[in-house]
Amino acid sequence: MKDGVNRQILLVEKPTGKLAPQHFKMTESAIPEPRDGEALLRVRYISLDAANRAWMHGATYRAAVEANTVMAGGGIAEVVSSRAPGLAPGDLVFGDTGWQDYAAVPARHLTKLPKVEPMTHLLSVYGIAGLTAYFGLLDVGKAKAGETVVVSAAAGSVGSIVGQIAGIKGCRVVGIAGGKDKCGWLTSELGFDAAVDYKDGAVFKALKAAAPDGVDVYFDNVGGDILEACLAQMNNHGRIACCGAISQYDGVPSAAGPRGVPGLIVVKRLTMQGFIVMDYMERRNEALRDLQSWVGSGKLKVQEDVIEGLQNTPQALIGLLAGENRGKRMVKV
Ligand code: NDP
């Protein structure tokens, strides 16, 4: 980081196929001056999220990311100076800081954070990932003791927490992840009962062996063919918590499955519900109380994957989409 300079990573071109380094460019500009109601932030950690790629396709629950703008992204930042009541230098906040060293952001778009050690937990287990896992599994999925829970992208940031909470709640837990190493890690380190390597092919058959009594809750992070394989193995009155569709993000959206959805939903009386974690922010403290207690007692292991250096942020996202990460990936600026 150079004195007086704000390094920024721009999305210079919207990808039509797979995301690649040439879609980004690093530039330098002056550190912005905060306006009334804004705080000047120094970014400490940038959150890498599968959704960063989805934002490039068009408007979702937020506006699309446009070409030749600073790449959007959540981050933890320290207030440098403030023209907003309630924020003072040294405060820690979460917000859409973008991929840059400094950002001037309206205070109404920022969440003040407590001081937690290590600070990175504010992006992982006590951040969007932990809250998404908690409310998606317990409120949307309504997982109960004795039920079988299946989660995809299970070794990722949201999935690794979903599986562990399900275990804490007394469910049988099956994770779906790419590769033998990740699957072995889920069962040996995170306490999953079984894991299915989707890159090995034959997901349907492997899932049937891993969940012989059928699936009561499927926490879907990926959509596509894996969702189709899970749908067919749902038990009556099962719940599918639709969290994301990462298999459809990186490239041209395909005509992939699931097929046969309406019939299955009727016959098996399934509930399939999408959700966005922001809708649960008023109940944030409820989740944080449980998450803190589980982390404190060692029941919930926090896995983080911290990449050093703002300049490495594009490659960090490309790698996340390719499955490089275990747990929550972030960049230390
Ligand atoms: P993760 O940390 O879970 O990383 C993504 C993982 O997805 C990769 O490591 C990779 O692991 C797996 N993956 C990539 N491509 C595929 C594919 N084609 N099929 C199956 N798995 C694939 O990312 P996030 O935690 O950021 O996101 C997880 C999901 O949660 C995303 O769908 C995201 O959009 C969603 N989300 C939703 C929120 C909400 O409010 N609804 C909030 C936050 C996240 P592997 O090696 O196993 O392939």
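Arg 269 is partly exposed in this predicted model, because its relative accessible area of 48% falls between the limits for buried (under 20%) and exposed (over 50%), as determined with a 1.4 Å probe and protein chains only. The residue sits in the loop between α7 (261-268) and β14 (271-274), where helices (H or I, at least four residues) and strands (E, at least two) are DSSP runs numbered from the N terminus. Although Arg 269 is not a glycine, its phi is positive, at about 55°. The model is a prediction in which local features require pLDDT of at least 70 and side-chain atom pairs count only at pLDDT 80 or more, while totals for chains, interfaces and linings use all residues. Residues are numbered from 1 along each chain as its sequence is written, and side-chain values use heavy atoms, with hydrogens and water left out.

A positive phi, near 50°, is also found at Ala 202, a residue other than glycine. Ala 202 belongs to the loop between β11 (194-197) and α5 (203-210). With a relative accessible area of 56%, Ala 202 is exposed. A further backbone feature is the cis peptide bond from Glu 117 to Pro 118, for which omega is near -10°. Pro 118 is located in the loop between β8 (111-113) and α2.

Helix α2 (residues 128-140) packs with helix α3 (residues 157-168) at an angle of about 45°, and the two axes are 8 Å apart. Axes here are lines fitted to C-alpha atoms, for helices over the stretch in contact, and angles run from 0 to 180 degrees between N-to-C directions. The two helices, α2 and α3, are therefore oblique to each other; angles under 35 degrees count as roughly parallel, over 145 as roughly antiparallel, 65 to 115 as roughly perpendicular and the rest as oblique. The crossing of α2 and α3 is right-handed, a term used if the near helix is turned clockwise from the far one by less than a right angle, with anticlockwise giving left-handed.

Side chains of opposite charge can pair when their charged atoms come close. With a salt bridge taken as a side-chain nitrogen of Lys or Arg within 4 Å of a carboxyl oxygen of Asp or Glu, the count is 16. One of these salt bridges joins Asp 139 and Arg 283, with an N to O distance of 2.8 Å. This pair links distant parts of the chain, since Asp 139 is in helix α2 and Arg 283 is in the loop between β14 and α8 (284-296), 144 residues apart. Both partners are partly exposed, with relative accessibility of 23% for Asp 139 and 32% for Arg 283.

Arg 259 and Glu 228 form another salt bridge, at 2.6 Å from N to O. Arg 259 is in the loop between β13 (234-242) and α7, whereas Glu 228 is in helix α6 (residues 224-231), so this salt bridge ties together parts that are 31 residues apart in sequence. Arg 259 is exposed, at 63% relative accessible area, while Glu 228 is buried, at 19%. Salt bridges with shared partners also join Lys 18, Arg 53 and Asp 250 into one network. An exposed and a buried residue likewise meet in the salt bridge between Arg 35 and Glu 38 (3.5 Å, N to O): Arg 35 has a relative accessible area of 57%, and Glu 38 has 7% relative accessibility.

Helix α6 is largely enclosed by the rest of the structure, because seven of its eight residues are buried. Besides Glu 228, the buried residues of α6 include Gly 224, Ile 226, Leu 227, Ala 229, Cys 230 and Leu 231. Met 330, in strand β16 (residues 328-332), is also buried, with a relative accessible area of 0%. The C-alpha atom of Met 330 is separated by 21 Å from that of Gly 163, a residue 167 positions away along the chain.

On the surface, Tyr 61, Ile 276 and Met 278 make up a nonpolar patch with about 270 Å² of accessible area together. Patches consist of residues with over 30% relative accessible area and no salt bridge, like charges being joined within 9 Å and nonpolar side chains (Val, Leu, Ile, Met, Phe, Trp, Tyr) within 5 Å. Accessible areas come from the Shrake-Rupley method with a 1.4 Å probe, and for residues only the protein chains shown count as cover. Tyr 61 is in the loop between α1 (50-54) and β4 (69-70) and is partly exposed, at 42% relative accessible area.
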